[in-house]
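Trainee: I should like to work through this model with you, one query at a time. May we begin with the display?

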Amino acid sequence: MIKPVGEARPNSFEFETSALIKPSGFREYDARWWFGHPASEVPPELNLIGVQALGMGLGTLIRRLGAGSDIVTGHDFRSYSLSIKLALVTGLMAAGAKVRDIGLALSPMAYFAQFALDTPSVAMVTASHNENGWTGVKMGAARPLTFGPEEMSALKAIVLAGDFDLVGGGSYDFARDFRATYLDDLTRDKRITRKLKVVAACGNGTAGAFAPEALLRIGCEVIPLDVELDHTFPRYNPNPEDMRMLHAIRDKVLETGADVGLGFDGDGDRCGVVDNEGNEIFADKVGVMLARDISLLRPGSSFVVDVKSTGLFNTDAVLRANGAVTDYWKTGHSYIKRRVAELGAVAGFEKSGHFFFNPPIGRGYDDGLVTAIAICQMLDRSPGSSMADLYRALPLTFGTPTMSPHCADDVKYGVVERVVADFQAMKQGGASFAGQKIADLITVNGVRVVAEDGTWGLVRASSNKPELVVVVESPVSSERRRQMFEAVDAVLRRSPEVGAYNQTF
């Protein structure tokens, strides 16, 4: 029986004969490990035997959950993803799983396959937007949901203990031409009448094989940007929260006179937006625009948003007039997806660009192409307005991108606990923070500290990387935004474990 180890040195007998799985790779709602990169000296946290053990554990878990043995697999476009998927498949089959492989895929294509192939479970090999050298698996056993902390903890316990049910009897079937099946379903009855010129930016990631064709099918004129598949990601990481990618989209929109620029992450479940004037619109503001459009069509709509998102969901006069109600919830695609399902909300929006639409718009899972089509339909229903017009129609707030200071996986949650305690003590003591009293603390996921004028700052632990997450917004001024950021950062700097930011504003 395989029992994984937490460390093994590459180019050694142990590495070639042991299952290497670093425990910290089992995260809150999916799995992410550093698999290694030739240009990096950082040792790998996972090897192929470890992936095989992961498959044995996942095959064991889905049976114990009562989900049966059928499971969909797919992989994203990285140099090593196919080999990782095949190692995972051998482990799944050893545990009796009946594998339906859809090949190179977007994560939402794998979620769609759960419905189209009537297969309860899914294991999508992807590192999403993480840099080359990372890998991971997004998993679920109750469509359209993906695993949350409870299932991930159970999987971790099974795998690390080598507690596998290796019943055998597994099988493998390759679903041919499933890309066409997915695109047909995605674009059916979605044709727009407005002539829209759309930049489709894919960062040379997997979405390049899907997004341009989907947009063409609904009637857009498509301007491709970095759509060629190239797993070296030569220009920037396919991440629509990364300002380098957003700037590249902006430049192409201004160069071509496009109506909108749409950017997709490495596994196609997120969508970033740049308007026709080159403004990079953070995803939470896009969510407000979509919520306005949807609640006008369906008055009284309910929405779910993550705690990183703009306060406009609660204060916007148009949403209030349309009877819209918004629930702020934990950041993370699995958390928001589950909350949308629990509340029967029309849609859920994350600042990261994960958007979830229940029927009739979607099936409850996050799909960047469904989001892109919804944006195009919103513009189609507003023939007299540009994307910039719709953006200007929102109340002005001053927000930041998602900023991530480095913080090791084994200490980041402890750091956040200390930060929460610091803010609670300040509020209880009536202390001034960023020039004002603390009006509210939201601690559903890290801490969101709200000043009397509505300016707020968020600190939480990243669920998939060794980082913290910091976001700030002010409805008052850019100066108040800066004051809040500096005050929040000063609290963080009390912890020496907190490193440099990946980006600021």
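Mentor: The exchange below concerns a predicted model and takes up its annotated regions, nonpolar cores, surface patch and salt bridges.

Trainee: At which residues does UniProt place the feature "domain: Alpha-D-phosphohexomutase alpha/beta/alpha"?

Mentor: The record is an unreviewed entry. Over residues 189-278 the chain is 23% helix and 22% strand, with the end C-alpha atoms 30 Å apart. Over residues 284-395 the chain is 47% helix and 14% strand, and the end C-alpha atoms there are 13 Å apart. UniProt places this feature at residues 41-164, 189-278 and 284-395.

Trainee: What percentage of the chain is strand over residues 439-489?

Mentor: UniProt, in an unreviewed entry, lists these residues as "domain: Alpha-D-phosphohexomutase C-terminal". The end C-alpha atoms of the stretch are 19 Å apart. Its helix content is 24%, and its strand content is 43%.

Trainee: Which helix gives the most residues to the largest nonpolar core?

Mentor: The largest nonpolar core has 69 residues, and those with the most contacts inside it are Ile102, Leu215, Leu262 and Phe349. The leading contribution to this core is 9 residues, and it comes from residues 368-380, that is, helix α13.

Trainee: From which domains does this largest core draw at least three residues each?

Mentor: In soluble globular proteins, nonpolar side chains tend to be buried together. The largest core has 69 residues, and it draws at least three from each of domain 1 (13-177) and domain 2 (189-393). Apart from it lies another core, of 35 residues, including Ile84, Ala97, Ala141 and Val159. The domains asked for are therefore domain 1 and domain 2.

Trainee: Which elements each supply at least two residues of the nonpolar patch?

Mentor: The patch covers about 350 Å² of surface and is made by Leu82, Leu86, Tyr172 and Phe174. Phenylalanine 174 is found in strand β6. Since its relative accessible area is 36%, phenylalanine 174 is partly exposed. The elements that each supply at least two residues are α3 (81-94) and β6 (171-174).

Trainee: How many residues apart in sequence are the parts tied together by glutamate 151 and arginine 338?

Mentor: The structure holds 40 salt bridges. In the one between glutamate 151 and arginine 338, the closest N and O atoms are 3.7 Å apart. Glutamate 151 lies in helix α5 (residues 149-161) and arginine 338 in helix α12 (residues 333-343), so the parts that the pair ties together are apart in sequence by 187 residues.

Trainee: Where does glutamate 277 lie?

Mentor: Glutamate 277 forms a salt bridge with arginine 392, the closest N and O atoms being 2.8 Å apart. Arginine 392 belongs to helix α14 (residues 387-392), so the pair ties together parts that are 115 residues apart in sequence. The relative accessible area of glutamate 277 is 40%, making it partly exposed. Its place is the loop between β10 (271-275) and β11 (280-281).

Trainee: Is aspartate 489 buried or exposed?

Mentor: Aspartate 489 forms a salt bridge with arginine 493, the closest N and O atoms being 3.1 Å apart. Arginine 493, at 37% relative accessibility, counts as partly exposed. The relative accessible area of aspartate 489 is 17%. Because buried means under 20%, aspartate 489 is buried.

Trainee: Which residues are linked with Arg179 in a network of salt bridges?

Mentor: A salt bridge requires a side-chain nitrogen of Lys or Arg within 4 Å of a carboxyl oxygen of Asp or Glu. The network that includes Arg179 links it with Asp184, Glu213 and Arg217.

How values were computed:
Residues are numbered from 1 along each chain as its sequence is written. This is a predicted model: local features need pLDDT of at least 70, side-chain atom pairs count only at pLDDT 80 or more; totals for chains, interfaces and linings use all residues. Side-chain values use heavy atoms; hydrogens and water are left out. UniProt positions are given in the numbering used here, feature names are shortened, and annotations may be inferred rather than shown by experiment. Helices (H or I, at least four residues) and strands (E, at least two) are DSSP runs, numbered from the N terminus. Patches are made of residues with over 30% relative accessible area and no salt bridge: like charges are joined within 9 Å, nonpolar side chains (Val, Leu, Ile, Met, Phe, Trp, Tyr) within 5 Å. Accessible areas come from the Shrake-Rupley method with a 1.4 Å probe; for residues, only the protein chains shown count as cover. Buried means under 20% relative accessible area, exposed over 50%, partly exposed in between (1.4 Å probe, protein chains only). A nonpolar core is a set of buried Ala, Val, Leu, Ile, Met, Phe, Trp, Tyr and Cys residues joined through side-chain atoms within 4.5 Å. Domain bounds come from an automatic or database domain assignment.
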